[in-house]
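Visitor: I have a chain open here and want to talk through how its helices pack. Can we start with a pair of them?

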Amino acid sequence: CSLAFNASRSKFSSPSEKAWDGMWTIVVYSVREEQRCLRDALRCSLKWWGFGSLAPGTWISTRVLLPEIEDDLRELGVWEYVSVFKSKYLGPKDPRAIVAKAFPELDSLEAGYREYITKAKTVLQGVDAGLLDDEECFATRMHNLWEIYVVAKDDPILPPALLPEDWPRFEAVELSAQVRHVLSAPAERFFNTIYVTSEQIDQN
């Protein structure tokens, strides 16, 4: 099965870090077994957009159903199989118990963020000490972008109300921005030394 949804539409474009209203978006679907490809692609799309599996055929998110999500589900050909609800959780369990069930990957996600934080701090210390030349700054800046993406792509971006007080995502995102900033000028200098236009190629 191939994944048809457009992953280039960033799920990070509308983070739910502001005050949460307590409402959950619930996607319920029913896809026949012989259409397993569609079902698997639907699950992949929902997971990419930050939904977690609460029960078979039932996925939840604290975020609204963005137009991009609907577009993806339509492109996959599964929109007709889903029903979408908005609801408030009334109990009896603590909402964090629901989070633990629907998003079991949070522990590994936290570990990934903390590992990234350690690496980013090492980079910043190296820059401050003048240990990186322009070429190394260029390579490190590109590597930094990839490393934060690899971690953050699996983040359901839950609101702070449902996360531990010391949740590392916020520090990781801030450090990523700092790394990009401090490496920007030397990385650009190196790029300018190797960049060749099509006109220059033709002249040679």
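Guide: Start with α5 and α6, keeping in mind that this is a predicted model. On the α5 side the contact includes Phe-138, Arg-141, Leu-145 and Ile-148. They and others in α5 meet a set in α6, among them Ala-172, Val-179, Leu-183 and Phe-190.

Visitor: What does that contact of α5 with α6 look like by class?

Guide: There are 11 nonpolar, 4 polar and 5 charged residues.

Visitor: At what angle do the axes of α5 and α6 cross?

Guide: Roughly 145 degrees, and the axes come within 7 Å. That crossing is left-handed.

Visitor: Now α1 and α2. How do their axes cross?

Guide: The axes of α1, residues 36-48, and α2, residues 67-76, cross at roughly 165 degrees and come within 10 Å. The two helices are therefore roughly antiparallel to each other. α1 passes α2 in a right-handed crossing.

Visitor: Which residues in α1 and α2 meet?

Guide: Leu-38, Ala-41, Leu-42 and Ser-45 come from α1, and Asp-72, Leu-73 and Leu-76 from α2. By class, that contact has 5 nonpolar, 1 polar and 1 charged residues.

Visitor: Change of topic. In the largest nonpolar core, which residues touch the most other members?

Guide: Trp-24, Ile-60, Val-99, Phe-103, Leu-106 and Tyr-113, out of 26 residues in that core. The elements giving two or more residues to the core are β1, α3, α4, α5 and α6.

Visitor: Which element gives the largest share?

Guide: α4, with 7 residues.

Visitor: Why would such side chains end up together?

Guide: In soluble globular proteins, nonpolar side chains tend to be buried together.

Visitor: Back to Tyr-113. What does Tyr-113 touch, leaving out residues up to four places away in sequence?

Guide: Tyr-113 touches Ile-148, Val-151, Ala-152, Asp-155, Trp-167, Pro-168, Arg-169 and Ala-172. Ile-148 and Ala-172 also appear in the contact of α5 with α6.

Visitor: And the second core, what is in there?

Guide: That one is separate and has 16 residues, including Tyr-29, Leu-42, Phe-51 and Trp-59. Leu-42 is also one of the α1 residues that meet α2.

Visitor: Last, the whole chain. How many helices and strands?

Guide: 7 helices and 4 strands. Along the sequence the pattern is β-α-β-β-α-β-α-α-α-α-α.

Visitor: What share of the chain is buried?

Guide: Buried residues make up 36% of the 204 residues. As for contacts with a separation of 6 or more, residues 24 or more positions apart account for 83%.

Technical notes
Residues numbered from 1 in each chain as written. Predicted model: local features only at pLDDT ≥ 70, side-chain atom pairs only at ≥ 80, totals over all residues. Heavy atoms only, no water. Axes fitted to C-alpha atoms, helices over the stretch in contact; angles between N-to-C directions. Parallel < 35°, antiparallel > 145°, perpendicular 65-115°, else oblique. Left-handed = near helix turned anticlockwise from the far one by under 90°. Contact = heavy atoms within 4.5 Å. Nonpolar A, V, L, I, M, F, W, Y, C, P; charged D, E, K, R; others polar. Core = buried A, V, L, I, M, F, W, Y, C linked by side-chain atoms within 4.5 Å. Buried < 20%, exposed > 50% of the residue type's maximum accessible area, 1.4 Å probe, protein only.
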